[in-house]
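Morning, everyone. I have one structure to walk through today. Let me put it on the screen.

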Amino acid sequence: MKAPLGVKKKMPYAFALEELDALSPTIKPMFGGFAVYAGEKMILFLYDQEKWPDFRGVSLATTPESYRSLAREFSSTHEAEPQKIGERPWLLIPAGAADFEEQVLKACEMILNGDPRIGRAPEEKKLKPPKKETGRKKI
């Protein structure tokens, strides 16, 4: 498991990372939580902050095409309305679910078995145009 330098926050839901250890996941801090990558694919987002309690839990990176079939696999996930799924959806397994750990372990097993519905390549970064010179000389 590779974590970028400077990641010193307490890792929420570490049991999921232990399950995925065979993939040598990379962990990157993101929006107060942690994005988990297997190779170039983002697979999970771990979030356990008070700031946004509705997002506490483990989210699975998926696609609009896979969202509904993936949602049916887990007892605590709700199918979103089509207009609310978006282009880069996350399927949340809420931390408050009675069988939260069991569901997260099931998701990890699906990832380890190569389920194509979980994970997606990150968006390509758009290059910013070079800054124009202002005519001032640097001294």
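Start with the hairpin made by β1 and β2: two residues sit between the strands, and F31 in that turn has a positive phi of about 50°. Keep in mind that this is a predicted model.

A word on that phi. Most residues other than glycine have a negative phi. F31 is not a glycine, yet its phi is positive. Is F31 buried or exposed? It counts as exposed, because its relative accessibility is 65% and the cut-off for exposed is over 50%. F31 is in the loop between β1 and β2.

Now the strands on either side. β1 covers residues 26-30, and it pairs with β2 in the antiparallel sense over five bridges. M30 has G33 in β2 as its bridge partner. What about the burial of β2? Five of its six residues are buried, so the rest of the structure largely encloses it.

Move on to the next strand. β2 and β3 are antiparallel as well, joined by five bridges. They also form a hairpin with two residues between them. In this turn G39 has the positive phi, about 65°. Two pairings to look at here. A38 stands opposite K41 in β3. V36 stands opposite L44 in β3.

β3 is largely enclosed by the rest of the structure too, because six of its seven residues are buried. On to β4. Four bridges join β3 to β4, and the two run antiparallel. F45 stands opposite S59 in β4.

Stay on S59. Which residue of β5 does S59 stand opposite? L92. β4, residues 57-61, pairs with β5 in the antiparallel sense, over five bridges. β5 itself has two faces: L91 and I93 are on the covered one, while W90, L92 and P94 are on the uncovered one.

Next topic, aromatics. How many aromatic pairs does a search of the whole structure find? Four. Take F15 and F100. Their ring centres are 6.2 Å apart and their planes are at 85°, so this pair is edge-to-face; the cut-off for that class is over 60 degrees. The pair links distant parts of the chain. F15 is in helix α1, residues 14-19, and F100 is in helix α4, residues 100-112. That puts them 85 residues apart. Both rings belong to buried residues.

Then F45 and W90. This pair is tilted, at 6.0 Å centre to centre with 55° between the planes. Again, distant parts of the chain are linked: F45 in β3, W90 in β5, 45 residues apart. How do the two partners compare in exposure? F45 is buried, because its relative accessible area is 11% and the cut-off for buried is under 20%. W90 counts as partly exposed, at 28%.

W90 has a charged neighbour as well. R120 lies over the face of W90, 4.7 Å from the ring centre. Elsewhere, K106 lies over the face of F74, at 5.4 Å from the ring centre.

Back to F15 and F100. Which residue joins F15 and F100 in a cluster linked by ring pairs? Y13. Y13 lies in the segment before α1. It is buried, with a relative accessible area of 14%. Its phi is near 55°, a positive value in a residue other than glycine.

Last topic, the core. The largest nonpolar core has 27 residues. Of these, L44, L60, F74, F100 and V104 touch the most other members. Several elements each supply at least two residues of this core: α1, β2, β3, β4, α2, β5 and α4. Which element gives the largest share? That is α4, with six residues.

One close-up before I stop. Outside its neighbours within four places in sequence, V104 is in contact with F15, A16, V58 and I93. Two of those names came up earlier: F15 in the edge-to-face pair, and I93 on the covered face of β5.

That's the tour. Questions welcome.

Methods
Residues numbered from 1 in each chain as written. Predicted model: local features only at pLDDT ≥ 70, side-chain atom pairs only at ≥ 80, totals over all residues. Heavy atoms only, no water. Phe/Tyr/Trp six-rings, centres within 6.5 Å; stacked < 30°, edge-to-face > 60°. Buried < 20%, exposed > 50% of the residue type's maximum accessible area, 1.4 Å probe, protein only. Lys NZ or Arg CZ within 6 Å of the ring centre and 35° of its normal. Pairing = 2+ DSSP bridges. Core = buried A, V, L, I, M, F, W, Y, C linked by side-chain atoms within 4.5 Å. Contact = heavy atoms within 4.5 Å.
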